[in-house]
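Open the model in a viewer and keep the sequence panel beside it. The stops below are meant to be selected one after another.

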Amino acid sequence: MTTLTAQPHEKYDRLIAVARKHPPMLTAVAHPCDAVSLESAVQAAGNGLLKPILVGPSARILDVAHKASLDIGSFEIVDSAHSHDSAAKAVELVRCGRAEALMKGSLHTDELMGAVVSRTSGIRTARRISHCFVMDVPGHGQALIISDAAVNIAPTLEDKVDIVQNAIDLAHALDVTQPRVAILSAMETVSAKVASTIDAAALCKMAERGQIKGGILDGPLALDNAISVEAAAIKNIVSPVAGRADVLIVPDLEAGNMLAKSLSFLAGADAAGIVLGARVPIILTSRADSVTTRLASCAVACLVAAARRASAASVIP
């Protein structure tokens, strides 16, 4: 079995350093009832990124903290009965203005997102909710935003408008003032036989007409044309995006998931994750994430929250 060697995390280290310049973000941590999720909250607080509010069965949380030798004495604990109750109470902290971010603990993602999207008690907005990976790929000059590889299974063109806008807004929060957005497909020409190429062309025209704002779009582009200047030149693609993309928009969840996992397992990339389109950023971490990746996910959310605080124009409607 091939083992990837550990890679430096300069891109993530820069993100974390910038995020630490902002005040810690009040964050409702939903059901941190195992050592990994509780440790993530403790580490993020220790790095000045979060001010956690732990939401879960208090006895279990205290027991986990004791067994893992984690100091949570300064954290507020909101008691809950079980994981579904934890999700609901964490979301309620956002609804009442006590938290400006959510963080997933040891409950299933579906449980947390079910509370988020509830039509009666959730925190939906007019935007479609979507997921972004901020990937630190060894050998690539900047962090890559990939969307959507985790939430929207087979997005419609209308869904993709919000997916693209969410990703652009994230790029702005990460201080990319005019993000270059590649709409990916298997080819760089428009074909009626490949639906994703039609969507890509429509999204680019919508950006031209101001229906998508704040980024430079091009597509359809194959992956090589999106990230390699040489590959784009060979195919005579003249574009401000080709070979220089900051954001990769995939055609569907299957393509995005395979792209992200290929970068992780074949190229040694790390993937910080965040969900956008709700009233607040939602931090999704994996048990398999490194400490740096978990902190990077928190840092990304912190920067999104800081951008929203700084300007009403950056708040998702």
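The tour goes from the sheet to the cores, then to a helix pair and some backbone details.

**The sheet**

Bear in mind throughout that this is a predicted model. Start with a cartoon view and colour the strands. There are 11 of them in an open sheet with mixed pairing, and the order across the sheet is S3-S2-S1-S4-S11-S10-S5-S6-S9-S7-S8. At the edges are strand S3 (76-79) and strand S8 (216-221), each of which pairs on one side only. From one strand to the next, the twist averages 25°.

**Strand S10 and its partners**

Select residues 270-276, which make up strand S10. How many of the residues of S10 are buried? Seven of its seven residues are. Show the side chains: Asp270, Ala272, Ile274 and Leu276 point one way, while Ala271, Gly273 and Val275 point the other way. In a regular strand, side chains alternate between the two faces of the sheet. In S10, the residues pointing either way are all buried.

Add S5 to the selection. S5 and S10 run antiparallel and are joined by seven bridges. To check the register, pick Val134, whose bridge partner in S10 is Ala272.

Next add strand S11 (residues 282-284), which is antiparallel to S10 and joined to it by three bridges. Here Gly273 has Leu284 of S11 as its bridge partner. S10 and S11 form a hairpin with five residues between them. In that turn, select Gly277, which has a positive phi of about 105°.

**From S5 to S6**

Return to strand S5 (residues 130-136) and add strand S6 (residues 144-147); the two run antiparallel, with three bridges between them. Met135 is bridged to Leu144 in S6.

Now select Val137, in the loop between S5 and S6. Is Val137 buried or exposed? Its relative accessibility is 8%, so Val137 counts as buried. Leaving out residues up to four places away in sequence, Val137 touches Lys11, Leu144, Leu263 and Ala269. Draw a distance from the C-alpha atom of Val137 to that of His9: the separation is 9.0 Å, although the residues are 128 apart along the chain.

**The nonpolar cores**

Nonpolar side chains tend to be buried together in soluble globular proteins. In this model, the largest nonpolar core has 59 residues. Select Ile145, Val164, Leu170, Ile183, Ile212 and Leu217, which touch the most other members of that core. Helix H11 (residues 291-310) supplies the largest share, 10 residues.

Centre the view on Leu217. Its contacts, apart from neighbours within four places in sequence, are Val164, Ile168, Val181, Ile183, Leu203, Cys204, Ala207, Ile212 and Val241. Another core, of 24 residues, lies apart from the largest one. Among its members are Ala28, Ile53, Ala90 and Val275.

**Helices H1 and H11**

Hide the strands and display helix H1 (residues 10-19) with H11. Their axes come within 9 Å and cross at roughly 45°. H1 is therefore oblique to H11. The crossing of H1 past H11 is left-handed. On the H1 side, the contact is made by Tyr12, Asp13, Leu15, Ile16, Val18 and Ala19. On the H11 side, show Thr292, Thr293, Leu295, Ala296, Ala299, Val300, Cys302 and Leu303.

**Backbone details**

Which peptide bonds should be inspected for a cis geometry? One runs from Ser147 to Asp148, with omega near -5°. Asp148 lies in the loop between S6 and helix H6 (157-173). Another cis bond runs from Gly219 to Pro220, with omega near 5°. Pro220 is in strand S8.

Then turn to two residues with positive phi. His31, in the loop between strand S1 (25-30) and helix H2 (35-46), has phi near 60° and is not a glycine. At 5% relative accessibility, His31 counts as buried.

Finish at Asp175, in the loop between H6 and strand S7 (180-184). Asp175 is not a glycine either, and has a positive phi of about 70°. Asp175 has 65% relative accessibility and therefore counts as exposed.

Key: Residues are numbered from 1 along each chain as its sequence is written. This is a predicted model: local features need pLDDT of at least 70, side-chain atom pairs count only at pLDDT 80 or more; totals for chains, interfaces and linings use all residues. Side-chain values use heavy atoms; hydrogens and water are left out. Two strands pair if DSSP finds at least two bridges between them. Helices (H or I, at least four residues) and strands (E, at least two) are DSSP runs, numbered from the N terminus. Axes are lines fitted to C-alpha atoms, for helices over the stretch in contact, and angles run from 0 to 180 degrees between N-to-C directions. A nonpolar core is a set of buried Ala, Val, Leu, Ile, Met, Phe, Trp, Tyr and Cys residues joined through side-chain atoms within 4.5 Å. Buried means under 20% relative accessible area, exposed over 50%, partly exposed in between (1.4 Å probe, protein chains only). Contact means heavy atoms within 4.5 Å. Angles under 35 degrees count as roughly parallel, over 145 as roughly antiparallel, 65 to 115 as roughly perpendicular and the rest as oblique. A crossing is left-handed if the near helix is turned anticlockwise from the far one by less than a right angle, and right-handed if clockwise.
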